[in-house]
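Dear colleague,

Please find the structure we discussed placed below for your consideration. My notes on it come directly afterwards.

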Amino acid sequence: MNRPTIKDVARRAKVSLKTVSRVINNELSVREATRERVQRAIDDLDYAPDQSARSLRSATSYALGLVYDNPNPYYVISVQNGVLSACREQGFGLQIHPCDSSVPDLADELLDLVRRARLAGLVLAPPMSERMDLIRHLAAHGIRLVRILSAAEDPNDGYPCVYVDDRDAAYDITEHLIQLGHQRIGFLWGGAEHRSSPERFKGYEAALKAYDIPLDKKLVIPGDYSFEDGFRGARRLFALRDRPTAIFGSNDEIAAGVLAAAKANGIDVPYELSIAGFEDSPFSKQSWPALTTAKQATEEIARHAALRLIAELKPPAGAAPPANRGFSPQLVIRDSTARVRTAASS
């Protein structure tokens with residue numbers, strides 16, 4: 001069955017092609033009764049405008065770009081779904097652009113992307129969103145953008161963003177482990193180039209300090225946001241003479257790697273080792289035992305970032321400039337954490 005065209009909409013609504021185009025572009029010159037008739041025809045036919053063609057026919061672009069570089073597929077899929085839902089809701093197309101955030105000519109690559117694809121603006125995911133040299137370069141060339149970044153509060157630096165308070169959520173996870181009686185709590189970093197990693201470490205460190213527990217650097221292991229680094233980091237912690245009774249992985253993939261390493265070493269989770277992750281990805285619920293974690297509304301965060309950008313691109317008449325918005329991941333307690341086992345209870 002052929003996809004309905006703008007001509008089909010015009011025929012059903014008994015109006016000209018130009019009138020249908022005016023309704024699609026939300027022009028004010030269309031009478032309300034006509035607008036309703038055209039919209040009814042659009043709904044009846046399930047017509048979706050071709051955003052790339054729409055951009056080419058006008059001086060205005062109706063497509064956004066999503067730029068990301070992240071080894072975690074669950075995070076990437078959630079970000080894509082969130083941005084895509086906002087674009088569909090607002091009548092924008094979406095171009096997805098995975099890239100290598102470490103390449104020296106990234107700014108030129110993104111400038112070329114915007115110009116070649118005629119994008120209205122960019123949604124930048126971490127770690128690109130946290131590179132101020134890149135942000136300033138893009139802004140200096142007139143590129144409209146919004147950033148998704150990790151921050152305890154609004155950075156108020158003049159560049160639009162949505163921000164996630166990873167630090168406070170990491171504090172809550174660490175405090176949960178401490179309140180279960182754990183004193184030796186391992187911490188496995190994510191990628192150091194991601195601002196979320198030091199923010200989550202700061203939350204872990206602050207909770208230890210609040211409960212007068214000295215920070216043992218042997219319990220802190222560098223790595224990346226991956227299952228493999230979780231497995232390797234856990235093996236290093238297991239090799240310590242006084243190994244930890246709990247391990248906090250900077251995301252759920254790391255925590256799943258810890259869980260696999262524990263099973264490979266015959267360590268009972270959670271009674272010999274408690275494990276916590278971060279982000280509440282699908283396999284945090286599907287692992288056995290299910291992972292204690294921090295629920296991060298990644299899809300909603302990404303959706304709001306896209307809406308924030310679109311509001312900048314076509315602000316309602318007389319409306320105040322949109323504000324940055326913060327999100328706070330929430331502690332989710334599952335079966336991978338339990339009270340520390342003492343000599344008397346073992």
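The following paragraphs describe a sheet with its helices, and then the cavities.

Please note that this is a predicted model.

The sheet is open and consists of four parallel-paired strands in the order S7-S6-S8-S9. Its edges are strand S7 (220–221) and strand S9 (274–276), each of which pairs on one side only. Two bridges join S7 in the parallel sense to strand S6 (residues 185–188), and Phe187 stands opposite Val220 in S7.

Two helices that pack on this sheet deserve mention. Helix H8 (residues 166–179) touches S6, strand S8 (246–249) and S9, and its direction makes about 170° with that of S8. Helix H11 (residues 252–264) likewise touches S6, S8 and S9, its direction making about 160° with that of S9.

As to internal space, the structure contains two cavities of 30 Å³ or more. The largest encloses about 200 Å³. Its lining comprises 20 residues, with Tyr75, Pro126, Ser196, Arg200 and Gln296 nearest the centre. By class, eight of the lining residues are nonpolar, eight are polar and four are charged. Strand S4 contributes the most to this lining, namely three residues.

The second largest cavity has a volume of about 30 Å³. It is lined by Leu66, Tyr68, Tyr75, Val76, Val79, Gln80 and Ala125. Strand S1 (63–68) and H5 each give two or more residues to this lining, and H5 gives the most, with four. Six of the lining residues are nonpolar, one is polar and none is charged.

Yours sincerely

Note on methods
Residues numbered from 1 in each chain as written. Predicted model: local features only at pLDDT ≥ 70, side-chain atom pairs only at ≥ 80, totals over all residues. Heavy atoms only, no water. Pairing = 2+ DSSP bridges. Contact = heavy atoms within 4.5 Å. Axes fitted to C-alpha atoms, helices over the stretch in contact; angles between N-to-C directions. 1 Å grid on protein atoms, 1.4 Å probe; cavity = no way out; pocket = protein on both sides within 12 Å on 5 of 7 lines; lining within 4 Å. Points joined across faces, edges and corners; volume = space filled by probe spheres on them. Nonpolar A, V, L, I, M, F, W, Y, C, P; charged D, E, K, R; others polar.
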